[in-house]
Amino acid sequence: MTSRPSRWRFLLPLALLVVWLAIGGGLGPYAGKLGEVSSNDQAAFLPRSAESTRVIEERRAFRQAETLPAIVVWTARGGGPLASGSQERATVTMAGLAGDSRVVGAPSPALPAEDGEALRAIVQLRPDLGEELTETLGTIRERAQAVSGTTVWIAGPAATQADLSGAFAGIDGLLLGVALTTVLLILLLVYRSVLLPLAIILGAVFALGLACGIVYWLADAGVVRVDGQVQGILSILVIGAATDYALLLSARYREELGRPGVERYAAMGAALRRSFGPIVASAATVALGLIALLASDLSNNRALGPVGAIGIGCAVLSTLTFLPAVLVLTGRASYWPARPKAEGSADGSHGIWRRIAALVDRAPRKVWTATLVALVACAAFAPALNSRGVPLDEIFVNDAPSVAAQATLGRHFPAGSGNPAVIIADAPAAARVAEAAAQVDGIDSAAPVDATGRPAPASPLVVDGRVRIDATLSAAADSDTAKDAVARLRTAVHAVPDANALVGGYTAQQYDTQRTAERDRMLIVPVVLAIILLILVALLRSLVLPVLLVATVALNFAATLGVASLVFEHVLGFTGTDASVPLYGFVFLVALGVDYNIFLMSRVREESMKHGVRQGLLTGLTATGGVITSAGVVLAATFAALGVIPLAFMLQIAFIVAFGVLLDTLVVRSLLVPALVRDLGRHAWWPGPLGRPSAREAQATALGG
């Protein structure tokens, strides 16, 4: 009679293991196939309600397809003036591209620079070329090189987009390899076990395979959007989250195994019961925080929301099914050659955390005052973080051909050449709008265009009573100077009576994206904080403590931004950050930062119910200190792996999340929060049961009265 339960208990974890092996084998390849349904076309991620987006809609009425300009620049090989006949030869070679299915309309003639040392022609390409874009630019370059004695440069949005696609090309395997290797090495060093790190890594890989399979199907059906940025973050997010949750569960299982007379199945049952709530609550904060991105007006933010939430869900599923199956089947061998020890046993980790707990217990007010002052001092630099965007010459961490080409273009022509601000206005007011635009500081010239897109002040193309006016910017189209010029341009043309003018184009899109990102932060940040607060209230059954935890993680985020502003400007040499960086950093850092406080305070609550508030805090801090610190180090190292993608955006996100997680793990969760809770005592748990005096305290108070 006793063998049957044992057999069933053996079959269930074995069945779960087989299911996950099938998932890994069947869906694992999708981690490398997401690129097939990804789009790195930046035009697809514009604000939905912005003025520049309305201009795109109106341009369709002109039967002028949305294009991706490639600007071809010729300079003399040795410098100085170009040889005689170069302009005619360049015009002829570019004209040969007319009729190419990848080219929209006819390329412009080659125009000389005022200094006579360069030529420029513009080739309008289809914006949906995808992987064909690099090949198309190669064709253009090959033709352009027929102009003897010249060096050919290709600038403009087409060249930038090709370099962006190149930055993500083949990055999946490298990013995944770096992240997994880093996590494995840390786990081996920290836990000095062979099987456990491999089981955790395998669970994370299976979770990622499941997530990528689901996202692939949804993206292929058009339900979600994926680009290289979302793809890279998904991999890191799933690996980091799955590892964190696995560490919490495996640590609790190890603790239960160390109790006298407890066998593996009972130990796993107890570990799951006591870890389920914190793990699910932690995952909910991250998933719902990501879902809040759906409130954004930026398509790339909305794309990350559901994709990231799917990844978190798969990480939790793997942690609560695959890992328990492996740990139950292997039992104490999971931790070989280390041996499971009971709670409070003497080891180096607990010894360190006992000393920290003693410090917090002995001088809580000094601890939280010192840490609070340090964090506020760091946060004071947060307003210095420039989130108006990254200029073109800083987008790529390494050298990129489009950056050098744009610099060459700017030396010989107005830097905004080939990428004008596009004005759509009523035809009767065209001349007045063009005149008002030309007088704006930062606008080199402005004129209505004909059906070919060329300046034609006397005979512009009129469609439904509207005309298009191109305004050439003096500064590079992606610069802050150009964005400021667009803002002034809008003010000027909006003021023209009966013109109903709208301003769009590449620079206006960047400006609108920046403004929309600022609006998104004002909307989404309070939503995420409210979501986290509600989850903490439900989990901890308190009001004071959740507010305290939310305030500390928000302070940690502000301090991280302050440090980032100093590092980006004075160490890495960035003059700005992408407009979405602060919001992404907030969602990841605050949601993930709350995870560690959930792990800590849920254990503190459990111990406080047994031993009282003071002892519960000290026991909880000692018991969870090592595992939470390990989880923080792993997560920071995982996000740091994003730095292998040679883009400023990814490097900035990697630094903010990695540094912020370490700051939260080592300072906020280890010192600030425990010291505040120790100083507040039972008042921190108000109005829950722990917030009321115990029977002994109530009796002492009554006797004293």
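The legends below describe an overall view and several close-up views of a predicted model.

**Figure 1. Overall view of the predicted protein model, with its helices and strands.** The protein has 705 residues, 56% of which count as buried, and its secondary structure comprises 22 helices and nine strands. Taken along the principal axes, the C-alpha atoms fill a box of roughly 95 × 60 × 50 Å. Among the contacts with a separation of 6 or more, 81% are accounted for by residues 24 or more positions apart. The accessible surface amounts to about 28300 Å², and carbon and sulfur atoms contribute 61% of that area. There are 55 positive and 53 negative charges in the protein, and the mean positions of these two sets lie 16 Å apart.

**Figure 2. Close-up of the second largest cavity and the residues that line it.** Two cavities of 30 Å³ or more are present in the structure, and the second largest, shown here, has a volume of about 50 Å³. Its lining includes Ala-199, Ile-200, Gly-203 and Ala-204, together with Ala-242, Thr-243 and Ala-246. Ser-318, Thr-319, Phe-322 and Leu-323 also belong to the lining of this cavity. The elements that give two or more residues to this lining are the helices α7 (195–220), α8 (228–257) and α10 (299–330).

**Figure 3. Close-up of two glycines of helix α8, Gly-228 and Gly-232.** Gly-228 is found in helix α8 and has a relative accessible area of 6%, so that this residue counts as buried. Between Gly-228 and Val-553, which are 325 residues apart along the chain, the C-alpha atoms are separated by 29 Å. Gly-232 is likewise a residue of helix α8, and its relative accessible area of 5% places Gly-232 among the buried residues. Although Gly-232 and Leu-176 are 56 residues apart in sequence, their C-alpha atoms are 8.7 Å apart in space. When neighbours within four places in sequence are left aside, Gly-232 is in contact with Leu-175 and Leu-642.

**Figure 4. Close-up of Met-268 in helix α9 and the residues that it touches.** Met-268 lies in helix α9, which spans residues 264–291, and is buried because its relative accessible area, 4%, falls under the 20% cut-off. If residues up to four places away in sequence are not counted, Met-268 touches Tyr-253, Pro-324, Leu-327 and Val-328. By contrast with these contacts, the C-alpha atom of Met-268 is separated by 51 Å from that of Gln-161, a residue 107 positions away along the chain.

**Figure 5. Close-up of Ala-421 in strand β5 and its surroundings.** Ala-421 lies in strand β5, which covers residues 421–426, and with a relative accessible area of 2% Ala-421 is buried. Apart from neighbours within four places in sequence, Ala-421 is in contact with Ile-469, Asp-470 and Ala-471, and also with Leu-489, Val-503 and Gly-504. Phe-659 is 238 residues from Ala-421 along the chain, and the C-alpha atoms of these two residues are separated by 39 Å.

**Figure 6. Close-up of Asp-498 and Asn-500 in the loop between α16 and β9.** Asp-498 lies in the loop that runs between α16 (480–494) and β9 (502–504), and Asn-500 is found in the loop between α16 and β9 as well. Phi of Asp-498 is near 55°, which is a positive value in a residue other than glycine. Asn-500, although not a glycine, also has a positive phi, of about 50°. Asp-498 counts as exposed because its relative accessibility, 67%, is over the 50% cut-off. The relative accessibility of Asn-500 is 54%, so Asn-500 counts as exposed by that criterion.

**Figure 7. Close-up of the cis peptide bond between Trp-686 and Pro-687.** The peptide bond that joins Trp-686 and Pro-687 is cis, with omega at about 5°. Pro-687 is located in the loop between the helices α21 (648–680) and α22 (695–704).

Definitions and conventions. Residues numbered from 1 in each chain as written. Predicted model: local features only at pLDDT ≥ 70, side-chain atom pairs only at ≥ 80, totals over all residues. Heavy atoms only, no water. Helix = DSSP H or I, 4+ residues; strand = E, 2+ residues; numbered from the N terminus. Buried < 20%, exposed > 50% of the residue type's maximum accessible area, 1.4 Å probe, protein only. Contact = heavy atoms within 4.5 Å. Areas by Shrake-Rupley, 256 points an atom, 1.4 Å probe, with all protein chains shown as cover. Lys, Arg positive; Asp, Glu negative; His and termini not counted. Charge placed at Lys NZ, Arg CZ, Asp CG, Glu CD. 1 Å grid on protein atoms, 1.4 Å probe; cavity = no way out; pocket = protein on both sides within 12 Å on 5 of 7 lines; lining within 4 Å. Points joined across faces, edges and corners; volume = space filled by probe spheres on them.
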